[in-house]
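Me: Please take me through the fold of this chain, with the terms explained as they come up.

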Amino acid sequence: MIRAACVSDIPALRRIEDDSFAADRLTRRNFHHLLTKGKVSCLVHEEGGQIGGYALLLFRARVPIARLYSFAVLPRERGNGIGRALLDACEREALGRNLTRLRLEVRPDNEAALRMYRAAGFHEIETVADYYEDHADALRMEKALGAVNPGKGGAPVTRAGRARSPAKSPLTSRRRLPGRDALEARKPRLASP
Ligand SMILES: CC(C)(COP(=O)(O)OP(=O)(O)OC[C@H]1O[C@@H](n2cnc3c(N)ncnc32)[C@H](O)[C@@H]1OP(=O)(O)O)[C@@H](O)C(=O)NCCC(=O)NCCS
């Protein structure tokens, strides 16, 4: 089941962070602030009482674009469709808020994520230079919400993924986080959306 995260989920969210990202992890305090004061939607995938993954969407007033700011699945749960189910839920969440586009940044070498985003109908709109902590560039991708899933015969985007072996590296280098103050002020470093 996919549901909105609550404060009591923070230890599980922190664990996913530690197991998924090599640097710039969201802290307990970041999560607490985001969940209680942020203009966000944090969705978790829960099965048998265990949270296997989460997706964090940021919103800005008068901006019709939702930003998928953070997104990860526990390494041992990958390849089972959780990521895709969360991505679909993010689209529904943004659509439900009458937003027209979903935007995200991804490392060009993050093959699993790139493949998932492309299969879900995202396309690259630009390269963001020096985006990550190690100065790597990011690909910025976007999807017009309500668009059909390419290659799926026009069916709406609703499927769950099938089993697949996990990506080789469990730790992903992630985007550079905005400073805590910026995060808490809900003004991410990147102006978009
Ligand atoms: C990216 C991530 C969220 C995918 O989650 P997941 O639950 O494993 O994904 P799913 O099982 O739903 O797979 C969905 C699609 O992703 C792609 N994919 C998933 N694992 C893959 C792999 N190891 N290699 C290539 N493509 C892969 C496929 O297109 C797959 O669709 P398919 O099964 O129809 O081929 C997960 O690998 C992860 O947490 N990675 C570390 C954190 C991260 O990179 N976050 C994204 C930052 S932009």
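The questions below go from confidence to the sheet and then to two of the helices.

Me: What is the mean pLDDT of the protein chain?
Reply: This is a predicted model, in which local features need pLDDT of at least 70 and side-chain atom pairs count only at pLDDT 80 or more, while totals for chains, interfaces and linings use all residues. Residues are numbered from 1 along each chain as its sequence is written. pLDDT is the predictor's confidence in each residue, from 0 to 100; 76% of the residues reach 70 or more, and the mean is 82.

Me: Over which residues, with 26 contacts beyond four places in sequence, does pLDDT stay under 50?
Reply: Two residues are in contact if their C-beta atoms, placed from the backbone, lie within 7 Å. Residues 151-170 stay under 50 and have 30 contacts beyond four places in sequence, whereas the stretch with 26 such contacts is residues 176-193.

Me: In what order do the 7 strands form the open sheet?
Reply: Helices (H or I, at least four residues) and strands (E, at least two) are DSSP runs, numbered from the N terminus, and two strands pair if DSSP finds at least two bridges between them. The pairing in this sheet is mixed, and the order is 1-2-3-4-5-7-6.

Me: Which are the edge strands?
Reply: An edge strand here pairs on one side only. On one side of the sheet order, 3 bridges join residues 2-4 to strand 2 in the antiparallel sense, and on the other, residues 123-128 pair with strand 7 over 5 antiparallel bridges. The edge strands are therefore strand 1 and strand 6.

Me: Which residue takes a positive phi in the hairpin of strand 2 and strand 3?
Reply: Strand 2 (residues 40-47) and strand 3 (residues 50-58) pair in the antiparallel sense over 8 bridges, with C42 opposite L56. The hairpin has 2 residues between the strands, and the one with a positive phi, near 55°, is G48.

Me: Why are the buried residues of helix 2 on the same side?
Reply: A residue is buried if 20 or more other C-beta atoms lie within 10 Å of its own, exposed if 12 or fewer, and partly exposed in between, with C-beta atoms placed from the backbone. In helix 2 (residues 28-37), N30, F31 and L34 are buried. They lie on the same side because the directions from the helix axis to their C-beta atoms cover an arc of only 95°.

Me: At about what angle to strand 3 does helix 3 run?
Reply: Axes are lines fitted to C-alpha atoms, for helices over the stretch in contact, and angles run from 0 to 180 degrees between N-to-C directions. Helix 3 (residues 82-96) lies across strand 1, strand 2, strand 3, strand 4 and strand 5, and its angle to strand 3 is about 35°.
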